[in-house]
Amino acid sequence: MGYRAVLDAGTDPVVVAGWITETEAKRKAEQMRLDQAITKVPKRLTEEEIAAMVTKLGDLRKLLHSADPQDKADV
């Protein structure tokens, strides 16, 4: 039964207004939760972003070869 039908049946409008306010508050809270969850989803890298990262790293083989053995073990 919708709000209008409940009002037409004689329910106190103040009670119905309270229900509406409560429902809207819950909806807003859930929307905020959803928005926060969506922003936590990692963005997929583009080909250009991956290429830029690889370029910045330079020759990774040289870097790994000359790295401290303990650092390599930690990784």
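## Talking through an all-helix chain

Modeller: This is a predicted model, and the secondary structure of the protein chain comes to five helices and zero strands.

Biologist: OK, so in what order do the elements of the protein chain run from the N terminus on?

Modeller: With five helices and zero strands to place, there isn't much to juggle. Reading from the N terminus, the order is α-α-α-α-α.

Biologist: Is the chain a compact globule or more spread out?

Modeller: For 75 residues the globule rule gives 11 Å, while the radius of gyration is 29 Å, well over that. The C-alpha trace spans about 80 × 30 × 15 Å along its principal axes. So, going by the radius of gyration, the chain is more spread out than a compact globule.

Biologist: What share of the 75 residues counts as buried?

Modeller: The cut-off here is under 20% relative accessible area. The accessible surface of the chain is about 7200 Å², with 61% of it belonging to carbon and sulfur atoms. Of the 75 residues, the share that counts as buried is 3%.

Biologist: Let's look at α2. How far apart are its end C-alpha atoms, and what span should 27 residues give?

Modeller: Helix α2 covers residues 13-39, and the expected span follows from 1.5 Å a residue. That works out to 39 Å for the 27 residues, and the distance between the end C-alpha atoms agrees: 39 Å.

Biologist: Which side chain reaches a backbone nitrogen at the start of α2?

Modeller: The backbone nitrogen in question belongs to V14. A side-chain oxygen comes to within 3.0 Å of that nitrogen, and the residue supplying the oxygen is D12.

Biologist: And what about T39, which backbone oxygen lies 2.8 Å from a polar atom of its side chain?

Modeller: T39 is found in helix α2. T39 has a relative accessible area of 64%, so T39 is exposed. A polar atom of its side chain still has a backbone oxygen 2.8 Å away, and that oxygen belongs to Q36.

Biologist: How many salt bridges does a search of the whole structure find?

Modeller: One of them joins the side chains of E22 and K26, and another links R33 with E30. K43 and E49 also meet in a salt bridge. The search of the whole structure finds three.

Biologist: Why might residues three or four places apart in an α-helix point the same way?

Modeller: An α-helix has 3.6 residues a turn, so residues three or four places apart point the same way. E22 and K26 are a case of four residues apart, both in helix α2, about one turn of the helix. E22 is partly exposed at 44% and K26 is exposed at 51%. Their salt bridge, N to O, comes in at 3.2 Å.

Biologist: How are R33 and E30 placed in α2, and what is the distance between their closest N and O atoms?

Modeller: R33 and E30 are three residues apart in helix α2, which means about one helical turn between them. R33 counts as exposed at 56% relative accessibility, whereas E30 is partly exposed at 45%. The closest N and O atoms of their salt bridge are separated by 3.1 Å.

Biologist: Which residue does K43 meet in a salt bridge?

Modeller: K43 is exposed, with a relative accessible area of 59%. Its partner is partly exposed at 28%. The N to O distance in this salt bridge is 2.7 Å, and the partner is E49.

Biologist: Which residues form a nonpolar patch on the surface?

Modeller: One of them, I50, is found in helix α3 and is partly exposed at 43%. Together the patch residues have about 360 Å² of accessible area, and they are L45, I50, M53 and V54.

Biologist: How far is D59 from K43, C-alpha to C-alpha?

Modeller: D59 lies in the loop between α3 (47-57) and α4 (60-66), and counts as partly exposed at 36% relative accessibility. D59 and K43 are 16 residues apart along the chain, and their C-alpha atoms are separated by 26 Å.

Biologist: Last one: how far apart in space are V15 and T55?

Modeller: V15 lies in helix α2 and is partly exposed at 37% relative accessibility. V15 and T55 are 40 residues apart in sequence, and C-alpha to C-alpha the distance is 64 Å.

Notes: Residues are numbered from 1 along each chain as its sequence is written. This is a predicted model: local features need pLDDT of at least 70, side-chain atom pairs count only at pLDDT 80 or more; totals for chains, interfaces and linings use all residues. Side-chain values use heavy atoms; hydrogens and water are left out. Helices (H or I, at least four residues) and strands (E, at least two) are DSSP runs, numbered from the N terminus. The expected span of a helix is 1.5 Å times one less than its number of residues. A polar contact is a pair of N or O atoms within 3.5 Å; within protein, one must be able to donate a hydrogen and the other to accept it, and residues adjacent in sequence count only if both atoms are side-chain atoms. Buried means under 20% relative accessible area, exposed over 50%, partly exposed in between (1.4 Å probe, protein chains only). A salt bridge is a side-chain nitrogen of Lys or Arg within 4 Å of a carboxyl oxygen of Asp or Glu. Patches are made of residues with over 30% relative accessible area and no salt bridge: like charges are joined within 9 Å, nonpolar side chains (Val, Leu, Ile, Met, Phe, Trp, Tyr) within 5 Å. Accessible areas come from the Shrake-Rupley method with a 1.4 Å probe; for residues, only the protein chains shown count as cover. The radius of gyration is taken over C-alpha atoms; the globule rule is 2.2 Å times the number of residues to the power 0.38.
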